[in-house]
Amino acid sequence: FILTHYHGDHYTGLPRDNKYVGPAMIHCTPITASLLREIHLVPSKYIVVHPFGSPWTWTWPLEHEINEKGDSSEDMGTVEITFFDANHCPGAAIVLAR
């Protein structure tokens, strides 16, 4: 999931003290990532850092089909994501999705 910034109303329900075990990766800015690691104690392996202005692609399965031979296939959806400085608090991002 995307965490736009480190405010209590945005991370409500996110386990603290090294208790977050995924499976979702947390996509965020470098400052938000530092706060997650140092204050919330989220393990680094669950944090994906994206600098401001650097586009990245998010891919997910749209549907799962099994054909008459029993073979499995998935159609994939993609979106390009870019974080920009939100000027709200340190590390806060505006998210552009294309």
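**Entry 1: L96 and its patch**

I began with L96 in this predicted model, and I found that its relative accessible area is 32%, so that L96 is classed as partly exposed. I then placed L96 in the secondary structure, where it belongs to strand β5, which covers residues 93-97. Looking for nonpolar surface, I noted that L96 joins F84 and I94 in a patch of about 250 Å².

**Entry 2: the chain as a whole**

I next looked up the overall make-up, and I recorded 2 helices and 5 strands in the protein chain, which follow one another along the sequence in the pattern α-β-α-β-β-β-β. The protein chain has 98 residues, and 30% of them count as buried. For the accessible surface of the protein chain I noted a total of about 6,200 Å², with 55% of it belonging to carbon and sulfur atoms. I also looked at contacts between residues at least 6 apart in sequence, and 40% of these join residues at least 24 apart.

**Entry 3: aromatic pairs**

How many aromatic pairs does the structure hold? I counted 4 aromatic pairs, and I wrote down two of them in detail. In one, Y20 and Y46 meet edge-to-face, with 5.3 Å from centre to centre and 85° between the planes. This pair links distant parts of the chain, since Y20 sits in the loop between α1 (8-11) and β1 (26-28) while Y46 sits in the loop between α2 (30-40) and β2 (47-49), 26 residues apart. I checked the burial of these tyrosines too, and both Y20 and Y46 are buried.

The other pair I wrote down is W56 with F83, whose ring centres are 5.9 Å apart and whose planes stand at 75°; the cut-off for edge-to-face is over 60 degrees, so the pair falls in that class. W56 belongs to strand β3 (residues 56-66) and F83 to strand β4 (residues 72-85), so this pair ties together parts 27 residues apart in sequence. Are W56 and F83 buried or exposed? W56 has a relative accessibility of 9% and therefore counts as buried, and F83, with a relative accessible area of 1%, is buried as well. I noted further that ring pairs link W56, W58 and F83 into a cluster.

**Entry 4: cysteines**

I then asked how many disulfides there are in the model. The count comes to 0 disulfides under the rule that two cysteine sulfur atoms must lie within 2.5 Å. I looked up the exposure of two cysteines, C28 and C89, and with buried meaning under 20% relative accessible area, C28 at 0% is buried, and C89 at 18% is buried too.

**Entry 5: backbone details**

Where is the cis peptide bond that I recorded? I found it from G22 to P23, with omega near 10°, and P23 is placed in the loop between α1 and β1.

I also noted positive phi values in residues other than glycine. One of these residues is L41, with phi near 60°, and L41 lies in the loop between α2 and β2. At a relative accessibility of 37%, L41 counts as partly exposed. N87 also has a positive phi, near 55°, and the place of N87 is the loop between β4 and β5. Because its relative accessible area is 75%, and exposed means over 50%, I entered N87 as exposed.

**Entry 6: P15 and its surroundings**

Last, I turned to P15, which is found in the loop between α1 and β1. P15 has a relative accessible area of 33%, so I listed it as partly exposed. Which residues does P15 touch, leaving aside those up to four places away in sequence? I found contacts with Y20, H40 and V42. I also looked up the C-alpha atoms of P15 and L41, which are separated by 8.9 Å although these residues are 26 residues apart along the chain. Of the residues in this entry, Y20 had already come up as the buried partner of Y46 in an edge-to-face pair, and L41 as a residue with a positive phi.

Notes
Residues numbered from 1 in each chain as written. Predicted model: local features only at pLDDT ≥ 70, side-chain atom pairs only at ≥ 80, totals over all residues. Heavy atoms only, no water. Buried < 20%, exposed > 50% of the residue type's maximum accessible area, 1.4 Å probe, protein only. Patch = residues over 30% accessible without salt bridge, like charges linked within 9 Å, V, L, I, M, F, W, Y side chains within 5 Å. Areas by Shrake-Rupley, 256 points an atom, 1.4 Å probe, with all protein chains shown as cover. Salt bridge = Lys/Arg side-chain N within 4 Å of Asp/Glu carboxyl O. Helix = DSSP H or I, 4+ residues; strand = E, 2+ residues; numbered from the N terminus. Phe/Tyr/Trp six-rings, centres within 6.5 Å; stacked < 30°, edge-to-face > 60°. Contact = heavy atoms within 4.5 Å.
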